[in-house]
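Visitor: I would like to test the labels on this model. Please give me the reasoning behind each one.

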Amino acid sequence: MKNKVVVIPGSFSLVSAYGGYDGIDIWLKNNKQIEIPNSDYIIAHSAGVNYLFSQPIPSNQKIILINPLVKKINFISLLIRDVRFFIAEGIDRNKIIPLSSWIFASIKVLRLLKINVLEEIKKLPKENVMIIRGIKDYYFCDSENADLIKNEGFTLYEVDAGHNWNKNIAEMVNSLIRTN
């Protein structure tokens, strides 16, 4: 199953944090790959969703979005949410990019925040978009973002998780891939 899947990690995260799926470490400053490889499924997490929508996407592509940043926010708001998030959920240093890539990743996040994720999601066929939200994500894909997703008619799968990838998100992803 995993060779049919490409992961685009959330900001400052490494692909290796996503349970062995192939992917693109878009936050590393030395990564020159800019195109998303062909796959049956693309899993994009958090600001990785913004990156996904900065690329051309075939209309028949199956996409799993995890805790997307649906509501547009400015950099200051993102910074405040980041601090609150890091205090609440912590940082696993084995799952994040090295400090040497932080400036590069910060600049990339600033550029990607300009993308209107909700408008981009609405361009895709609903049957090809699966959205997972951690019900304890109070910082990025919070209840307001969840309501925006539901109001647009997309199915939102809510699991016992915060913002970070965990076993409950992984199980939901595996279930969606098996059944879609």
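Visitor: What makes both faces of β3 count as covered?
Guide: This is a predicted model. In it, Tyr41, Ile43 and His45 on one side of β3 are buried, and so are Ile42 and Ala44 on the other. Buried means under 20% relative accessible area. Strand β3 spans residues 41–45, and 5 of its 5 residues are buried.

Visitor: How do you know that β3 pairs with β1 and β4?
Guide: The test is at least two bridges between two strands. Strand β1, residues 5–8, is joined to β3 by 4 bridges, and the two run parallel. Ile8 stands opposite Ala44 in β3. Between β3 and β4 there are 5 bridges, again with the strands parallel. Ile42 has Ile63 in β4 as its bridge partner. Both counts meet the cut-off of at least two.

Visitor: What links β3 and β4 in a β-α-β unit?
Guide: Helix α1, residues 47–52. With β3 and β4 it makes a right-handed β-α-β unit. Right-handed means a clockwise path from the first strand over the helix to the second, with the strands pointing away from the viewer.

Visitor: Why is β5 called largely enclosed?
Guide: Strand β5 covers residues 129–134, and 6 of the 6 are buried, so the rest of the structure largely encloses it. Both faces take part. Val129, Ile131 and Arg133 are buried on one side; Met130, Ile132 and Gly134 are buried on the other.

Visitor: Which strands pair with β5?
Guide: Strand β4, residues 62–66, pairs with β5 in the parallel sense over 4 bridges. Ile64 stands opposite Met130 there. Strand β6, residues 156–159, also pairs with β5 in the parallel sense over 4 bridges. Each pairing passes the test of at least two bridges. Helix α5, residues 143–151, completes a right-handed β-α-β unit with β5 and β6.

Visitor: What makes Arg133 and Glu158 a salt bridge?
Guide: Their closest N and O atoms are 2.8 Å apart. The cut-off is within 4 Å, so the pair qualifies. Glu158 lies in strand β6 and Arg133 in strand β5, 25 residues apart. In β6, Glu158 is also the bridge partner of Arg133.

Visitor: Why is Arg133 called buried, and why is Glu158 called partly exposed?
Guide: Arg133 has 6% relative accessibility, under the 20% limit, so it counts as buried. Glu158 has 36%, between 20% and 50%, so it counts as partly exposed.

Visitor: How do you know that Lys71 pairs with Glu144?
Guide: The closest N and O atoms are 3.0 Å apart, so this pair is within the 4 Å limit. Lys71 sits in the loop between β4 and α2, Glu144 in helix α5, 73 residues apart. Lys71 has 35% relative accessibility and counts as partly exposed. Glu144 has 40% and counts as partly exposed.

Visitor: Why does the Lys122 and Glu152 pair count as a salt bridge?
Guide: At 3.9 Å between the closest N and O atoms, this pair is within the 4 Å limit, so it counts. Lys122 is in helix α4, residues 117–122, and Glu152 is in the loop between α5 and β6, so parts 30 residues apart in sequence are tied together. Glu119, Lys122 and Glu152 are linked in a network of salt bridges. By this rule the protein has 7 salt bridges.

Visitor: What makes the nonpolar surface patch?
Guide: Phe75, Ile76, Leu79, Ile80 and Leu110 make it, with an area of about 440 Å². Helix α2, residues 75–89, gives the most, with 4 residues. Leu110 lies in helix α3, residues 102–112.

Visitor: Why can Leu110 be part of that patch?
Guide: Patch residues need over 30% relative accessible area. Leu110 has 37%, so it passes that cut-off and counts as partly exposed.

Visitor: How do you know that the radius of gyration agrees with a compact globule?
Guide: For 180 residues, a compact globule would have a radius near 16 Å; the protein has 15 Å, so the two agree. The C-alpha trace spans about 40 × 35 × 30 Å along its principal axes. Buried residues make up 48% of the 180.

Conventions
Residues numbered from 1 in each chain as written. Predicted model: local features only at pLDDT ≥ 70, side-chain atom pairs only at ≥ 80, totals over all residues. Heavy atoms only, no water. Buried < 20%, exposed > 50% of the residue type's maximum accessible area, 1.4 Å probe, protein only. Patch = residues over 30% accessible without salt bridge, like charges linked within 9 Å, V, L, I, M, F, W, Y side chains within 5 Å. Areas by Shrake-Rupley, 256 points an atom, 1.4 Å probe, with all protein chains shown as cover. Salt bridge = Lys/Arg side-chain N within 4 Å of Asp/Glu carboxyl O. Rg over C-alpha atoms; globule rule 2.2 N^0.38 Å.
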